[in-house]
Amino acid sequence: MSKTKGLEPILKVSHLRKSFGELKVLDDISLDVIEGEVVVMIGASGSGKSTFLRCINYLEEAQGGTISFKGKILKTKKKNLNLYRQKIGMVFQHFNLFPHMTVLKNVMEGPIQVKNISPKQAKQEALLILEKVGLADKANVYPDLLSGGQKQRVAIARSLAMKPDIMLFDEPTSALDPELVQEVLTVMQNLARDGMTMIVVTHEMWFAKEVADRIVFMDEGHIIEDSSPEKMFSNPETDRAKEFLDKILN
């Protein structure tokens, strides 16, 4: 039995639809996420996974459906969105750090500017977060002097500084050299262990096997399977999921 059975979702996406012109990217997508749950989304490139995350964070606006957070349907007024986005951290493929700021200042900036936290408090909290992601010794370094893996860990730290309720990860290791992937996934693994609610789009299947509570398989804008890692990797229900996993695992 699922450890989340019967619990109220912290995030509830219902019948989401999104098109770009004539192209249907999300076609009637529904997904519930329970607090503390790690949901990993897999599927071929172009299946709609990244667009789905961007719709959750309202970086893209869906043409239909609803998104509920902590039991309230989200409205698209700017004030509501700004408050909501503080609770939904997002880490992208590319790091988007401020090159003219040190690592520490990059992590401090959001809490100071958005949450009006004092610089002293923001610095204290940022240093603790940098320690958590293994970069306390890089606090006064500028991003240009960091490896790709270190930059991505700073990006994660920057999102954590806003104290989100949910973290969204959009293929966070896809732009990294292979030897740098592990350091980022280890940070994410530790976050999951600490109880962070996460939705992760990734092609790193070992991470999906080891860390996910559920794996969601998307294809052509639809969720076609939603199951435990054990079931997904040992006995997927659909031919499309079997085909995808055979290609990516062999």
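**Exercise 1.** Which residues are exposed on the other side of H9, away from its buried residues?

*Solution.* The model is a predicted one.
Step 1. Begin with the buried residues: within helix H9 (residues 239-249), these include Ala 241, Phe 244 and Leu 245.
Step 2. These buried residues lie on the same side of H9, because they cover an arc of only 95° around the axis. An α-helix has 3.6 residues a turn, so residues three or four places apart point the same way.
Step 3. On the other side of H9, Asp 239 and Lys 247 are exposed.
Step 4. The cover over the buried residues of H9 includes strands E3 (38-42), E9 (214-219) and E10 (222-227), together with helices H7 (205-211) and H8 (229-234).

**Exercise 2.** Describe the volume and the lining of the largest pocket.

*Solution.*
Step 1. The largest pocket holds about 600 Å³ of space.
Step 2. Its lining comprises 23 residues, of which Arg 85, Met 90, Arg 158, Ser 159 and Met 162 are the closest to the centre.
Step 3. Two or more lining residues come from each of helix H2 (78-87), strand E6 (88-91), helix H3 (103-115) and helix H5 (148-160).
Step 4. By class, the lining has eleven nonpolar, nine polar and three charged residues.

**Exercise 3.** Determine which element supplies the largest share of the lining of the second largest pocket.

*Solution.*
Step 1. The second largest pocket has a volume of about 260 Å³.
Step 2. Among its lining residues are Phe 69, Ile 73, Asn 80, Leu 83, Tyr 84 and Lys 87.
Step 3. Strand E5 (72-73) and H2 each give at least two residues to this lining; the largest share, four residues, belongs to H2.
Step 4. The classes are five nonpolar, one polar and four charged residues.

Terms used:
Residues numbered from 1 in each chain as written. Predicted model: local features only at pLDDT ≥ 70, side-chain atom pairs only at ≥ 80, totals over all residues. Heavy atoms only, no water. 1 Å grid on protein atoms, 1.4 Å probe; cavity = no way out; pocket = protein on both sides within 12 Å on 5 of 7 lines; lining within 4 Å. Points joined across faces, edges and corners; volume = space filled by probe spheres on them. Nonpolar A, V, L, I, M, F, W, Y, C, P; charged D, E, K, R; others polar. Buried < 20%, exposed > 50% of the residue type's maximum accessible area, 1.4 Å probe, protein only. Arc of directions from axis to C-beta. Contact = heavy atoms within 4.5 Å.
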